[in-house]
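Let's take a walk through this model together, going from one side chain to its neighbours and then on to the helices. Keep the viewer open as you read.

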Amino acid sequence: MLAVIFVALLVSAAQRSTPGVLILPLEQAFGWGRGTTALAAGIGIFLYGLVGPFAAALMANFGLRRTVLGALVLMTGATALSAFMTQPWHLVLCWGVMSGIGCGAVAMVLGATITNRWFVSHRGLVMGLLTASTATGTLLFLPALAAIAQAGGWRPVVLSVSAATALVIPLVWLLVPEKPQSAGLVPYGAGADWQPPPPPRGLLATTFGSLGRAARTRAFWYLFATFFVCGFTTNGLVGTHLIALCGDMGIPEVRAAGLLAVMGVFDLVGTTLSGWLTDRYDPRKLLFIYYALRGLSLIYLPYSDFSFYGLSLFAVFYGLDWIATVPPTLRLATEAFGERDAPVVFGWIAAGHQIGAASAAFLGGVMRDSQGDYLGMFLLAGVTGLAAAGISLAIKRGPAAAASA
């Protein structure tokens, strides 16, 4: 189960990061400005996050397998259809709206649902492994996609992504049970007195009821704010614009994509380690370290010389905590809101992540077109990272956090 969901999340992450590879080829093929591609990427990222809580509720009410299979079919169709695009609105429809909705159901909320449904012990480690799949998606796909784009243009890139997504559909169909009980199991680490959670209350009641209860607490808004910054400083800015930034500095696409792959290697290690640490240490202190390190890395990058050593240093320090924030954030949400509400509440928190990412994707393109460089955008992102580090220490732990006004 864990392996198949890892692969599904890996392919979804690769699809969501593909617009970063398409910026320069589409600019060359159609003359579309970076703001146009950034708009499509931003809409996709925004919907990717907005769909999260509804996807979690769909999984609870109508079935995890049905939700994931439907999302994969939509993702496959959207990317295949984009091979015929000729107008900017085609890009927005395929890579913004359709792909964003599909990927939103095969994202962090899926990892949170699997973690809480299939595991009682080692939840931090499991969430770390599933979250690390996004780093692995970057590691495996982006350098290859950049090489394909450099050799054949943008169309082979979108067809390759569509084919990879299609291959996951039979894996989910054949190998993913609805819940542990469907396979005659109990969650890993469950005791003899374990009982399944109560049945869901209906789609809208599940989605908005959990939000209503969570929104009355400071813990929710602190977690929402820090995750907004997480998205703003990762896939929104770096995931979308790093290849274009390197292109501005004379670095070829394949080499720039290789830099993202190096980050993927270190994030695979860092996020898995973060899950292990989350099972043992105060998640608030971990978040403080992660956001502070990320903010300093982003402030450093524009002032580096973009040499091999300078970029390698950035890749290591930034890559180690690309999405290492996810396991401690999920643990804090589970402690505050309980196992029944936690996946949906985490979906709303993850929506904050994607709103932040969409903001950075769009704002980065606009600032690059208006100012001629990315300096101001990276400095702004670095400052937000330092602010999130401070907010992390203010989060209260446990059910008392959800009871506080």
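Contact here means heavy atoms within 4.5 Å. Keep in mind as we go that this is a predicted model.

With that cut-off in hand, start at Tyr 318, which touches Thr 233, Thr 234, Val 238, Met 263, Arg 294, Ser 297 and Leu 298, leaving aside residues up to four places away in sequence. Tyr 318 sits in helix H14, which covers residues 308–319. Is Tyr 318 buried or exposed? Its relative accessibility is 0%, so Tyr 318 counts as buried. For a distance to check in your viewer, try the C-alpha atoms of Tyr 318 and Tyr 291: they are separated by 10.0 Å, with the two positions 27 residues apart along the chain.

Now for the aromatic rings. The structure holds 13 aromatic pairs. In one of them, Phe 227 and Phe 346, the ring centres are 5.9 Å apart and the planes meet at 55 degrees, so this pair is tilted. An angle from 30 to 60 degrees is what earns that label, because planes under 30 degrees apart count as stacked and those over 60 as edge-to-face. The pair links distant parts of the chain, as Phe 227 belongs to helix H10 (residues 218–233) and Phe 346 to helix H15, 119 residues apart. Phe 227 has 0% relative accessibility and therefore counts as buried. Phe 346 is buried too, with a relative accessible area of 0%.

Tyr 318 comes back into the story with another ring. Phe 314 and Tyr 318 form a stacked aromatic pair, 5.1 Å centre to centre and with 20 degrees between the planes. What separates Phe 314 and Tyr 318 along helix H14? The two are four residues apart in that helix, so about one helical turn lies between them. Phe 314 is buried as well, at a relative accessible area of 1%. Elsewhere, Phe 30, Trp 32 and Trp 154 form one aromatic cluster.

Let's move on to how the helices pack, with H11 as our guide. Helix H11 (residues 238–248) and helix H15 (residues 326–371) have axes that come within 9 Å and cross at roughly 20 degrees. The two helices are therefore roughly parallel to each other, and the crossing of H11 and H15 is left-handed. On the H11 side, Thr 240, His 241 and Asp 248 take part, meeting Ala 360, Ala 361, Gly 364, Gly 365 and Arg 368 in H15. Sorted by class, that contact has two nonpolar, four polar and two charged residues.

H11 also packs with helix H3 (residues 34–62), and here the axes come within 11 Å and cross at roughly 160 degrees. Which way do they run? That angle makes H3 roughly antiparallel to H11, and H3 passes H11 in a left-handed crossing. The contact is made by Arg 34, Ala 38, Ala 41 and Ile 45 of H3 together with Thr 240, His 241, Ala 244 and Asp 248 of H11. By class, the contact of H3 with H11 has four nonpolar, two polar and two charged residues. Notice that Thr 240, His 241 and Asp 248 of H11 take part both in the contact with H15 and in the contact with H3.

Note on methods. Residues are numbered from 1 along each chain as its sequence is written. This is a predicted model: local features need pLDDT of at least 70, side-chain atom pairs count only at pLDDT 80 or more; totals for chains, interfaces and linings use all residues. Side-chain values use heavy atoms; hydrogens and water are left out. Buried means under 20% relative accessible area, exposed over 50%, partly exposed in between (1.4 Å probe, protein chains only). Axes are lines fitted to C-alpha atoms, for helices over the stretch in contact, and angles run from 0 to 180 degrees between N-to-C directions. Angles under 35 degrees count as roughly parallel, over 145 as roughly antiparallel, 65 to 115 as roughly perpendicular and the rest as oblique. A crossing is left-handed if the near helix is turned anticlockwise from the far one by less than a right angle, and right-handed if clockwise. Ala, Val, Leu, Ile, Met, Phe, Trp, Tyr, Cys and Pro count as nonpolar, Asp, Glu, Lys and Arg as charged, and the others, Gly among them, as polar. Rings of Phe, Tyr and Trp (its six-membered ring) pair if their centres lie within 6.5 Å; planes under 30 degrees apart count as stacked, over 60 as edge-to-face and the rest as tilted.
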